[in-house]
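Q: I would like to go through this structure step by step. Could we begin with the whole chain and then turn to its parts?

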Amino acid sequence: MKNKISVIVPMYNEESSIKKLYEKIVESIKEYSLYEIIFVDDGSADASTQKVKELRTEDQNVRLIVFRKNFGKAAALQAGFRNCSGDIIITMDADLQDDPKEIPRFVAKLEEGYDLVSGWKKKRNDPLEKRLPSKLFNKVTSHLSGVHLHDFNCGFKAYRREVVDSIDVYGELHRYIPVLAYRKGFRIAEIEVEHHAREFGKSKYGFERYLRGLFDSMTVAFLGRFYDRPMYFFGKIGLVLCVLGGMICAYLTALWFMGQGIGNRPLLLLGVLLLILGVQMFSTGFIGDMLVDATYRDRYNESHIKEKI
């Protein structure tokens with residue numbers, strides 16, 4: 001029996017493209033007898049929801065999730081992940097820039113043994129002001145995460161079921177899904193995909209998107225390295241501060257024994273401050289380790305286990 005395919009499409013004010021996108025998706029997955037297409041309406045102000053409801057009257061494989069307001073793409077993907085039933089999950093944008101004809105290629109790549117396949121818009125049909133920041137973002141993210149992809153932000157991806165069951169997406173972390181999956185031990189691959197110019201509407205992203213992306217890249221870099229061992233991060237900083245503070249205080253103590261006054265020296269304040277900050281860093285690391293330990297005991301799951309015999 002063939003795997004069931006779930007196609008998740010976040011949408012926000014895309015009424016003009018929905019029917020055409022649906023037709024292209026159905027054409028690309030017609031060989032699969034089991035499929036579902038989940039449209040997640042992220043608070044659209046147009047007739048997007050009504051368009052999907054009309055499609056559902058003709059095809060019961062079409063499903064719809066509607067948000068009360070615009071919560072963002074990450075929330076839409078998370079809702080799709082938690083409500084889909086497929087063994088293979090495809091995510092793609094609703095603006096027709098992603099071409100559904102690529103879906104069989106994604107599935108074929110998964111069948112080579114990969115767990116997540118990300119699209120790479122090598123020839124991107126977007127304005128220069130979107131391409132340049134995206135290229136910088138991809139280089140920085142690749143360097144910080146150790147995951148070597150050309151296009152982290154491409155929404156066209158394919159997943160095995162166990163991947164979407166193992167990750168939680170919030171904030172702007174949809175850009176870092178390959179990093180989150182890699183941290184769980186899943187195998188990641190990338191394929192070139194055709195990218196079309198936008199036919200309808202306009203881009204929903206502004207400059208603030210890149211600022212949020214910067215902060216989230218820092219979050220992912222930290223979580224990827226120190227999520228289950230925060231003392232490795234805070235302890236190193238605490239050790240450096242304590243050593244510097246200790247050396248300063250030892251130097252001033254030696255001067256005091258030699259009869260020199262040290263009470264009015266700014267260096268004394270610096271040494272004491274460094275010692276206090278160092279102890280605080282160690283304390284933060286200890287508290288972090290205790291929280292990780294408690295969380296692991298209370299929420300242990302076997303998502304990191306690939307096989308059991």
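Q: How much area does the chain expose, and what share do carbon and sulfur atoms supply?
A: In this predicted model, the chain exposes about 17,200 Å². Carbon and sulfur atoms supply 58% of that area.

Q: And how many of the residues count as buried, as a percentage?
A: The chain has 309 residues, and 45% of them count as buried.

Q: What helices and strands are there, by number?
A: There are ten helices and seven strands in the chain.

Q: In what order do the strands sit in the sheet?
A: The order is E3-E2-E1-E4-E6-E5-E7. The seven strands form an open sheet, and their pairing is mixed.

Q: Which strands stand at the edges?
A: They are strand E3, residues 62–66, and strand E7. Each has a single partner strand, so one side of each is left without a neighbour in the sheet.

Q: By how much are neighbouring strands turned against each other?
A: The average is 20°, with direction ignored.

Q: Let us take one pair. How many bridges join E1 to E2, and do they run parallel or antiparallel?
A: Seven bridges join E1 to E2, and the two strands run parallel. One of the residues with a bridge partner is serine 6, whose partner in E2 is glutamate 36.

Q: Which strands does H1 touch where it packs on the sheet?
A: Helix H1 touches E1, E2 and E3, and its direction makes about 155° with that of E2. Helix H2 also packs on the sheet and touches E1, E2 and E3. For H2, an angle of about 155° is made with the direction of E3.

Q: Back to E2. Which of its residues lie on each side?
A: Tyr35, Ile37, Phe39 and Asp41 are on one side, while Glu36, Ile38 and Val40 are on the other. Both faces are covered, as these residues are all buried. In a regular strand, side chains alternate between the two faces of the sheet.

Q: Now the interior. Which residues touch the most other members of the largest nonpolar core?
A: They are Val7, Phe39 and Ile90, in a core of 33 residues. Several elements each supply at least two residues of this core, among them strand E1 (5–11), helix H1 (18–28), strand E2 (35–41) and helix H4 (103–110).

Q: What does valine 7 touch, not counting residues up to four places away in sequence?
A: Valine 7 touches Ile25, Ile29, Glu36, Ile37, Ile38, Ile90, Met92 and Ile103.

Q: Which residues belong to the second, separate core?
A: That core has 30 residues, including Leu116, Phe137, Val147 and Leu173.

Q: New topic: phenylalanine 81. Where is it, and is it buried or exposed?
A: Phenylalanine 81 is in helix H3, residues 73–83. The residue counts as buried because its relative accessible area is 0%, where the cut-off for buried is under 20%.

Q: What does phenylalanine 81 touch, leaving out residues up to four places away in sequence?
A: The residues are Ile8, Ile89, Thr91, Tyr159, Arg161, Val164, Val169 and Ile177. Separately, the C-alpha atoms of phenylalanine 81 and isoleucine 38 are 9.8 Å apart in space, although the two residues are 43 apart in sequence.

Q: How many residues of H3 are buried?
A: Eight of its eleven residues are buried, which leaves H3 mostly covered. Among them are Lys73, Leu77 and Gln78.

Q: Let us look at serine 28. Is it buried or exposed?
A: Serine 28, found in helix H1, is buried, with a relative accessible area of 11%. A polar atom of the serine 28 side chain lies 3.2 Å from the backbone oxygen of proline 100. Beyond its neighbours within four places in sequence, serine 28 is in contact with Pro100, Lys101, Ile103 and Pro104.

Q: Finally, where is arginine 175 found, and what does its side chain join in a polar contact?
A: Arginine 175 is in the loop between helix H6 (161–166) and helix H7 (177–183). The residue is buried, with a relative accessible area of 3%. A polar contact of 3.1 Å joins its side chain to that of asparagine 153.

Notes. Residues are numbered from 1 along each chain as its sequence is written. This is a predicted model: local features need pLDDT of at least 70, side-chain atom pairs count only at pLDDT 80 or more; totals for chains, interfaces and linings use all residues. Side-chain values use heavy atoms; hydrogens and water are left out. A nonpolar core is a set of buried Ala, Val, Leu, Ile, Met, Phe, Trp, Tyr and Cys residues joined through side-chain atoms within 4.5 Å. Buried means under 20% relative accessible area, exposed over 50%, partly exposed in between (1.4 Å probe, protein chains only). Helices (H or I, at least four residues) and strands (E, at least two) are DSSP runs, numbered from the N terminus. Contact means heavy atoms within 4.5 Å. A polar contact is a pair of N or O atoms within 3.5 Å; within protein, one must be able to donate a hydrogen and the other to accept it, and residues adjacent in sequence count only if both atoms are side-chain atoms. Two strands pair if DSSP finds at least two bridges between them. Axes are lines fitted to C-alpha atoms, for helices over the stretch in contact, and angles run from 0 to 180 degrees between N-to-C directions. Accessible areas come from the Shrake-Rupley method with a 1.4 Å probe; for residues, only the protein chains shown count as cover.
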